[in-house]
Amino acid sequence: MTALVSAALVAGSVVAPTGAAAGPAFAVSVKPASAYGKSLTVTVRATSRPRTPVTIRVTAGGATLARSVTTNAWGVATWSLVGLGNGTASAAVAATRTARAASASARFTTAGAAVVKLTGYTRVSNGVARYRSLDAVRAAMQIFPKRAGKVTVSLQHRSGNTWVTDQNATFATFATGGAWAGLSQGNRGMTYRYVVRAAGDAAAATSPNVTTASFMVD
């Protein structure tokens, strides 16, 4: 019997322009980041606005970044930046003698990330972390973006060449995005590991799974 204890990409969507309907077509789209911390690309398509300055703003991960870009000969401009969670990209262009001011926005979703690391073991033998007692087992976790969210943890044991899930649990993280898992019950001499992922929420989509090194209680 085992038991866990604890302390506590997706396509962008184009939104209809918010500028005057009588103006030229103006749209924003987002190619989302393939993973947290990877690049996302904002594309502005401004029909009949070649070589025109456009202001792009991206809000994600609790911050807003802005940049002025210039459309090319076909009225297209792009900006690539790091994806740090779910957010919104908006763009605006000033009025000219031949076109009205226009703006548009697009929402995007980025998968979050999680990291997990074993602590408190006394040694590593053949790639397996060794603990002296069940109480000493600890897995320190961190989710990104850093926030008060949730983390899903699976405890698995090795059976031959296969990992078998013993228990799944969801823990709340601290405001900093940190959490920990321990082991209150388990079998000495059995090889275990934790599988961890950050739960999806308004800040970011569900993260990919990450695993700890194998561990054993002597």
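Let me start with one pairing in the structure above: Ser 154 has Val 195 in strand 17 as its bridge partner, where strands are DSSP runs of E of at least two residues, numbered from the N terminus. That bridge belongs to the pairing of strand 14 with strand 17, which is antiparallel and extends over seven bridges; two strands count as paired if DSSP finds at least two bridges between them.

Before going further, I should say that this is a predicted model, in which local features need pLDDT of at least 70 and side-chain atom pairs count only at pLDDT 80 or more, while totals for chains, interfaces and linings use all residues. Residues are numbered from 1 along each chain as its sequence is written, and side-chain values use heavy atoms, with hydrogens and water left out.

As for confidence, pLDDT is the predictor's confidence in each residue, from 0 to 100, and for this protein the mean is 91, with 89% of the residues reaching 70 or more. The stretch to treat with care is residues 7–24, where the pLDDT is below 50, although in the model this stretch has 42 contacts beyond near neighbours in sequence, a contact being heavy atoms within 4.5 Å.

Back to strand 17, which covers residues 192–198 and is mostly covered, with six of its seven residues buried; buried here means under 20% relative accessible area, exposed means over 50%, and partly exposed lies in between, with a 1.4 Å probe and protein chains only. Strand 17 is also joined to strand 18, residues 210–211, by two bridges in an antiparallel arrangement, and there Val 196 stands opposite Val 210.

Now to another sheet. In which order do the strands of the three-stranded open sheet run? The order is 3-4-7, and the pairing is antiparallel. Strand 3 (26–31) and strand 7 (76–82) are the edge strands, each pairing on one side only, and from one strand to the next the twist averages 15°, taken between axes that are lines fitted to C-alpha atoms, with angles running from 0 to 180 degrees between N-to-C directions. As a reminder, strands of a sheet pair through backbone hydrogen bonds, either parallel or antiparallel.

Strand 4, residues 39–46, pairs with strand 7 over seven antiparallel bridges, and one residue to look at is Ser 39, whose bridge partner in strand 7 is Val 82. On the other pairing, strand 3 and strand 4 run antiparallel and are joined by six bridges, with Lys 31 having Thr 41 in strand 4 as its bridge partner. Because six of the eight residues of strand 4 are buried, this strand is largely enclosed by the rest of the structure.

After strand 4, in the loop that leads to strand 5 (53–60), we find Ser 48, which has a positive phi of about 65° although it is not a glycine, and which is exposed, at a relative accessible area of 62%. Asn 126, in the loop between strand 11 (123–125) and strand 12, also has a positive phi, of about 55°, without being a glycine, and it is exposed with a relative accessible area of 80%.

Let me turn to the aromatic side chains. The structure holds five aromatic pairs, where rings of Phe, Tyr and Trp (its six-membered ring) pair if their centres lie within 6.5 Å, and planes under 30 degrees apart count as stacked, over 60 as edge-to-face and the rest as tilted. Tyr 131 and Phe 215 make an edge-to-face pair, because their ring centres are 5.9 Å apart and their planes stand at 85°. This pair links distant parts of the chain, with Tyr 131 in strand 12 (residues 128–131) and Phe 215 in strand 19 (residues 215–217), 84 residues apart. Tyr 131 counts as buried at 0% relative accessibility, and Phe 215 is likewise buried at 0%. Both belong to one aromatic cluster, together with Tyr 121, Tyr 192 and Tyr 194.

Last, two features around strand 13. The charged end of Arg 138 sits over the ring of Trp 180, 4.1 Å from the ring centre, the criterion being that NZ of Lys or CZ of Arg is within 6 Å of the ring centre and within 35 degrees of the ring normal. The peptide bond from Phe 144 to Pro 145 is cis, with omega near -5°, and Pro 145 lies in the loop between strand 13 (138–144) and strand 14 (150–159).

Notes: Helices (H or I, at least four residues) and strands (E, at least two) are DSSP runs, numbered from the N terminus.
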